[in-house]
Amino acid sequence: MSEEQIELLKKKLVVSLKARQQLERTYEQQFTMLTNFINRLSNVCKGIDIELDNRLAKLRAHLNKNTDIENIAPLMGDIEHLLNQHSTRLSLNIKQTQNSLITAGKQLQKVKNLPSDLRRELRKLMQDISEPKGSILLYLPTLNRLVSLYQRSLLLSNGGQDLSSEEQANLSALQSQVTSELINILSNIAFSGENADKIDAIREVLSTHVTADTIVNCCVEVIRLIIESITEERQSAQSFLFSLNDALNSVHTAVATSINGSQEINKSKQQLNEKLKNDLAGMSAELSKATSLDTLKKQINVRITDIVDALNQKEQLEVEEHTLLVDSLSEMESRLKELEKEAEEYKKKLSEQRFKSLQDALTKLPNRASLDERMELEYRRWMRYNHDLCVAVADIDHFKNINDTFGHSVGDRVLQIVAANLNKGLRETDYIARYGGEEFVMLFPESKLKDIEKRLDKLRIAISKIPFKFKNADLTVTISMGMTQFKAIDQPQSAFDRADQALYAAKSNGRNKVMVKY
Ligand SMILES: Nc1nc2c(ncn2[C@@H]2O[C@H](COP(=O)(O)OP(=O)(O)OP(=O)(O)O)[C@@H](O)[C@H]2O)c(=O)[nH]1
């Protein structure tokens with residue numbers, strides 16, 4: 001080989017060495033880039049599967065140590081297998097997520113009374129869910145929307161159920177307080193006919209376990225019935241006033257006709273008087289001018305016939321005037337009689353209404369409004385005459401249990417029977433009212449405290465012996481009573497409060513007792 005050839009070969013070798021070094025650098029760079037990328041990627045996958053995590057950690061370590069590819073190959077095979085398994089699991093999860101969302105959405109669609117905007121939103125969401133998605137993450141916004149729809153519909157349909165247990169307890173205590181108050185109010189309002197039946201039905205509803213919605217609906221219905229009754233009452237008063245007005249109008253017309261008729265008659269009578277005066281003056285002139293008796297006789301005869309005619313006409317007019325007067329008077333009288341009858345009926349209706357408004361519809365005893373009136377009256381009498389006056393408050397024991405065990409209508413029946421028995425045990429001058437619920441108040445004018453205490457105790461025993469039987473079960477009903485006597489410093493309220501305190505003491509001391517507070 002010539003020197004020239006050797007030189008050429010050297011140069012080629014250098015070039016190919018440089019090219020090889022360049023290639024090796026490029027490979028190295030690419031390898032580092034790939035290693036970094038695999039490192040980062042394996043970090044991202046962390047947490048999906050513990051096996052995969054371990055393998056990836058090993059792979060990262062190998063790559064960082066520049067281990068030969070042949071040594072890493074089996075590890076990469078494992079990782080590929082695990083990744084394949086994971087991908088199958090992932091698509092199964094995606095399908096399951098889609099199915100769960102569809103089921104939850106369909107269930108929400110079945111909820112009744114959802115507002116239309118919520119229903120529309122849900123329909124759109126269901127379309128969205130039914131379109132397949134490549135990743136679970138893509139379902140996250142859909143899931144968020146569905147959860148928010150659930151929350152809204154829960155709030156709408158179960159108002160109050162999201163409250164804490166303490167708030168729930170407060171709410172239900174408030175509900176039963178409002179219900180009791182409403183039942184009390186209802187027994188103090190007098191309704192008649194159809195409206196009375198409707199009020200009974202409302203009381204029936206309120207006596208069961210009611211929701212806040214039902215209480216509100218009952219309140220609205222009661223207000224509607226009250227307005228209806230007031231309107232009816234106003235219409236009846238209005239129609240009475242219209243009849244009164246009609247009657248006055250006809251009396252006015254009769255009087256006006258009679259005055260007009262009288263004026264006409266008076267005018268005719270004046271004309272007749274004028275005519276009579278003229279006839280008489282004519283007669284006197286003819287008398288003074290008379291020359292022959294015969295002609296005078298004839299002339300006087302004519303004048304007398306005229307005068308008799310005029311007098312007849314006058315008499316006729318007077319008869320007409322009298323008849324007119326009698327007619328208009330009898331017209332007035334009959335209208336007034338009608339009016340009197342209507343006023344009488346109206347008065348009767350008013351007093352019936354007043355009676356009803358002071359009577360408790362269930363027990364037919366006087367109600368609380370009546371008690372207020374009577375208490376005031378007895379108090380004033382007591383102030384004036386200074387006789388003894390006692391007041392007692394009675395309350396059925398564990399009445400709530402009776403309602404809860406046997407139902408509200410049995411509770412009502414018990415109330416009626418106890419009320420009738422208490423009333424039966426009183427004297428004519430005594431007084432009893434249903435104060436509200438299962439509580440009664442009694443007033444005993446001109447009575448000594450000791451006597452009343454004995455009588456009340458007899459009543460208490462009598463009530464505990466009433467053989468109540470409901471649904472084949474024997475039921476013993478007892479009452480507790482508190483009483484007191486009016487003292488010099490007392491007002492009606494202070495005496496009542498003292499009797500109420502005595503009742504409270506009777507309840508705390510075992511019930512079925514009469515207690516006195518001095
Ligand atoms: N059936 C019926 N129940 C009524 C009426 N008015 C009130 N009530 C009920 O009477 C019950 C009174 O219960 P509470 O005040 O707890 O008294 P109680 O169960 O009698 O207990 P004590 O008085 O402590 O012995 C409540 O459940 C009311 O709903 C009514 O007109 N008819």
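**Pro-445**

I started with Pro-445 and looked up where it sits: Pro-445 belongs to strand E3. This is a predicted model, so I am reading positions from a prediction. Next I asked whether Pro-445 is buried, exposed or in between. I counted 19 other C-beta atoms within 10 Å, so Pro-445 comes out as partly exposed; the buried class needs 20 or more. I also checked a long-range pair: Arg-381 is 64 residues from Pro-445 in sequence, yet their C-alpha atoms are 8.9 Å apart.

**Strand E3 and its hairpin**

E3 covers residues 439-445. I find five of the seven E3 residues buried, so I noted the strand as mostly covered. On one side I followed E3 to E2: the two run antiparallel and are joined by five bridges. One pair I wrote down here is Arg-434 with Phe-440 in E3. The E2–E3 hairpin has two residues between its strands, and I noted a positive phi near 50° for Gly-437.

**Strand E1, between E3 and E6**

Which strands does E1 sit between? I read the sheet order as E2-E3-E1-E6-E7, so E1 lies between E3 and E6. Towards E3 I get seven bridges, antiparallel. Among the partners in E3, Met-442 goes with Ala-392 and Phe-444 goes with Cys-390. Towards E6 (residues 479-485) the pairing is antiparallel as well, again over seven bridges. Ala-392 turns up here too, with Met-483 as its bridge partner in E6.

I then checked burial along E1 and found eight of its eight residues buried. I sorted them by face: Leu-389, Val-391, Val-393 and Asp-395 lie on one side, with Cys-390, Ala-392, Ala-394 and Ile-396 on the other. Both faces are covered.

**The sheet as a whole**

Stepping back, I have an open sheet of five strands with mixed pairing. I marked E2 (431-436) and E7 (514-516) as the edge strands, each pairing on one side only. From one strand to the next, the twist averages 20°.

**Around the ligand**

Which residues come nearest the ligand? I listed Asp-397, Phe-399, Lys-400, Gly-411 and Gly-437, out of 21 around it. I next looked at which elements give two or more residues to this shell: helix H6 (165-188), strand E1 (389-396), helix H11 (399-406) and helix H12 (408-424). By class I tallied nine polar, seven charged and five nonpolar residues. Gly-437 is a repeat entry for me, since I had already logged its positive phi in the hairpin of E2 and E3.

**Helix H3**

Last, I turned to H3, residues 69-110. How far should its 42 residues span? At 1.5 Å a residue I expect 62 Å, and I find the end C-alpha atoms 60 Å apart, which agrees. I did pick up a bend of about 25° at Leu-75. For burial in H3, I noted Ile-79, Leu-101, Gly-105 and Leu-108 as buried. My reminder for reading such a list: an α-helix has 3.6 residues a turn, so residues three or four places apart point the same way.

Terms used: Residues numbered from 1 in each chain as written. Predicted model: local features only at pLDDT ≥ 70, side-chain atom pairs only at ≥ 80, totals over all residues. Near = placed C-beta within 6 Å. Helix = DSSP H or I, 4+ residues; strand = E, 2+ residues; numbered from the N terminus. Nonpolar A, V, L, I, M, F, W, Y, C, P; charged D, E, K, R; others polar. Expected span 1.5 Å × (residues − 1). Bend = angle between axes of the 7 residues up to and from the residue. Buried ≥ 20, exposed ≤ 12 C-beta atoms within 10 Å, placed from the backbone. Axes fitted to C-alpha atoms, helices over the stretch in contact; angles between N-to-C directions.
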